Amino acid sequence: MGRRGIKEYRAAEALLLIAADRDHRPLVCPSCSTPSIDRSPKRNEEPAGRVTLTCRTCSRTASYLVRASMSSPEEPRHG
Ligand SMILES: [Zn+2]
């Protein structure tokens, strides 16, 4: 019985992929080991919000939420 819809990575695989993405490393699918990961939005776009990583080979997806970029509007000041 085929399940319709989106295949997701196992939790451990998703964590690996997400960690690589956060470190700006090349993305390799932790399930099928191919470097055919689509990222949405793309890396040079502003990544605030949900990031979705999809393997074009095995169609698995992982997603996570990114905080608005490093320059936060209210930085705590010291001094
Ligand atoms: Zn894959």
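Here is a walk through this structure, from its overall layout down to a few single residues.

Keep in mind from the start that this is a predicted model. The protein chain has 79 residues, and 11% of them count as buried. It holds 1 helix and 4 strands. If you start at the N terminus and follow the chain along, you meet these elements in the order β-α-β-β-β. As for contacts between residues at least 6 apart in sequence, 33% join residues at least 24 apart.

Let's begin with the strands. Strands of a sheet pair through backbone hydrogen bonds, and they can do so either parallel or antiparallel. Here, 4 strands make an open sheet with mixed pairing, and the order across the sheet is β1-β4-β3-β2. The edges are β1 and β2, since each of them pairs on one side only.

Now go across the sheet one pair at a time, starting at the β1 edge. Strand β1 covers residues 7–8 and strand β4 covers residues 60–66; the two pair in the parallel sense over 2 bridges. To find this spot on your screen, look for Glu8, which stands opposite Thr61 in β4.

Next comes the pairing of β4 with strand β3, which spans residues 49–55. This one is antiparallel and has 6 bridges. You can trace it through two partnerships: Gly49 is the bridge partner of Val66 in β4, and Arg50 has Leu65 in β4 as its bridge partner. These two strands also form a hairpin, with 4 residues between them.

The last pair is β2 with β3. They run antiparallel and are joined by 4 bridges. A handy landmark is Ile37, whose bridge partner in β3 is Cys55. That brings you to the other edge of the sheet, β2.

So where does the helix sit? Helix α1 lies across β2, β3 and β4, and runs at about 50° to β4. The helix is made of residues 11–22, 12 residues in total, and reaches 16 Å from its first C-alpha to its last, close to the 16 Å expected at 1.5 Å a residue. In general, an α-helix has 3.6 residues a turn, so residues three or four places apart point the same way.

One helix residue to pick out is Ala12, which is found in α1. Is Ala12 buried or exposed? It is exposed, because 9 other C-beta atoms lie within 10 Å, and 12 or fewer puts a residue in that class. Ala12 and Pro30 are 18 residues apart in sequence, and in space their C-alpha atoms are 9.1 Å apart.

Just after α1 you'll come to His24, which takes a positive phi of about 60°. Further on, in the loop between α1 and β2, is Ser33. Its phi is near 65°, a positive value in a residue other than glycine. Ser33 counts as exposed because it has 10 other C-beta atoms within 10 Å.

Another backbone detail turns up at the end of β2, a strand that covers 37–40; Pro41 lies in the loop between β2 and β3. The peptide bond from Ser40 to Pro41 is cis, with omega near -5°.

Finally, head back to the hairpin and look at the loop between β3 and β4. Ser59 lies in this loop, and although Ser59 is not a glycine, it has a positive phi of about 65°. With 11 other C-beta atoms within 10 Å, Ser59 is exposed.

Thr57 has its place in the loop between β3 and β4 too. Why does Thr57 count as partly exposed? Because it has 14 C-beta neighbours inside 10 Å, which falls between the 12 or fewer of an exposed residue and the 20 or more of a buried one. Which residues does Thr57 touch, leaving aside its neighbours within four places in sequence? Thr57 is in contact with Cys29, Cys32, Thr34 and Ser36. Take Cys32 from that group: Thr57 and Cys32 are 25 residues apart in sequence, and 7.6 Å apart in space from C-alpha to C-alpha.

Note on methods
Residues numbered from 1 in each chain as written. Predicted model: local features only at pLDDT ≥ 70, side-chain atom pairs only at ≥ 80, totals over all residues. Contact = placed C-beta atoms within 7 Å. Pairing = 2+ DSSP bridges. Expected span 1.5 Å × (residues − 1). Axes fitted to C-alpha atoms, helices over the stretch in contact; angles between N-to-C directions.
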